[in-house]
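Here is a small set of exercises to work through with the model open beside you. Try each task on your own before reading its solution.

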Amino acid sequence: DDMRRKVLTDELATEEKLLADARTVYANGAPVPLPEEQGNAAKYQERIARLRQAVQLHERNIEALKKELGATR
């Protein structure tokens, strides 16, 4: 059980780092447009949607890991 807890704790730390990175790139829904997105609003919106999905995915993963850690006590 200690080994499982350590694995979950390590996964949680990794997910929290990935979430922080994803939030930085997402920039509250207003990332700086890439050069190829300057004249292409649709492409920019697609990237924003992908970045938002990445943030949400990491948030869900963290939630699940915390729930799992709570169950191992």
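## Exercise 1: Salt bridges along helix H1

Asp10 and Lys6 lie four residues apart in helix H1, so about one helical turn separates them. This is a predicted model, in which local features need pLDDT of at least 70, side-chain atom pairs count only at pLDDT 80 or more, and totals for chains, interfaces and linings use all residues. Residues are numbered from 1 along each chain as its sequence is written, and side-chain values use heavy atoms, with hydrogens and water left out.

**Task.** Find what the side chains of Asp10 and Lys6 form, then find which residue Lys17 pairs with in a salt bridge.

**Solution.**
1. Start with the terms: helices (H or I, at least four residues) are DSSP runs, numbered from the N terminus. A salt bridge is a side-chain nitrogen of Lys or Arg within 4 Å of a carboxyl oxygen of Asp or Glu.
2. The side chains of Asp10 and Lys6 meet in a salt bridge, at 2.9 Å from N to O.
3. Lys17 forms a salt bridge with Asp21, and their closest N and O atoms are 3.0 Å apart. Lys17 and Asp21 are also four residues apart in helix H1, so about one helical turn separates them.
4. Now check accessibility, where buried means under 20% relative accessible area, exposed over 50%, and partly exposed in between (1.4 Å probe, protein chains only). Asp10 is partly exposed at 37%, and Lys6 is partly exposed at 46%. Lys17 is exposed at 51%, whereas Asp21 is partly exposed at 34%.

## Exercise 2: A link between the helices

**Task.** Work out which residue forms a salt bridge with Glu59.

**Solution.**
1. A search of the whole structure finds five salt bridges.
2. In one of them, Glu59 pairs with Arg23, the closest N and O atoms being 2.8 Å apart. This pair links distant parts of the chain, with Glu59 in helix H2, Arg23 in helix H1, and their positions 36 residues apart.
3. Glu59 is partly exposed because its relative accessible area is 31%; Arg23 is partly exposed because its value is 44%.
4. Not counting residues up to four places away in sequence, Arg23 touches Asn28, Val55 and Glu59, where contact means heavy atoms within 4.5 Å.

## Exercise 3: The nonpolar core

**Task.** Decide which helix gives the most to the largest nonpolar core.

**Solution.**
1. A nonpolar core is a set of buried Ala, Val, Leu, Ile, Met, Phe, Trp, Tyr and Cys residues joined through side-chain atoms within 4.5 Å.
2. The largest one has twelve residues, among them Leu8, Leu12, Tyr26, Tyr44, Ile48 and Leu65. H1 and H2 each supply at least two residues of this core, and H2 gives the most, with seven.
3. For a closer look, take Leu65: leaving out residues up to four places away in sequence, Leu65 touches Leu8, Glu11, Leu12 and Glu15.

## Exercise 4: The loop and a buried arginine

**Task.** Say where Ala27 is found, and whether Arg47 is buried or exposed.

**Solution.**
1. Ala27 is in the loop between helix H1 (2-26) and helix H2 (41-71), and Asn28 is in the loop between H1 and H2.
2. Phi is positive at Ala27, near 50 degrees, and at Asn28, near 55 degrees; neither residue is glycine.
3. Ala27 is partly exposed at 30%, whereas Asn28 is exposed at 77%.
4. Arg47, in helix H2, is buried because its relative accessible area is 12%. Leaving aside neighbours within four places in sequence, Arg47 is in contact with Pro31, Val32, Pro33, Leu34 and Glu37.
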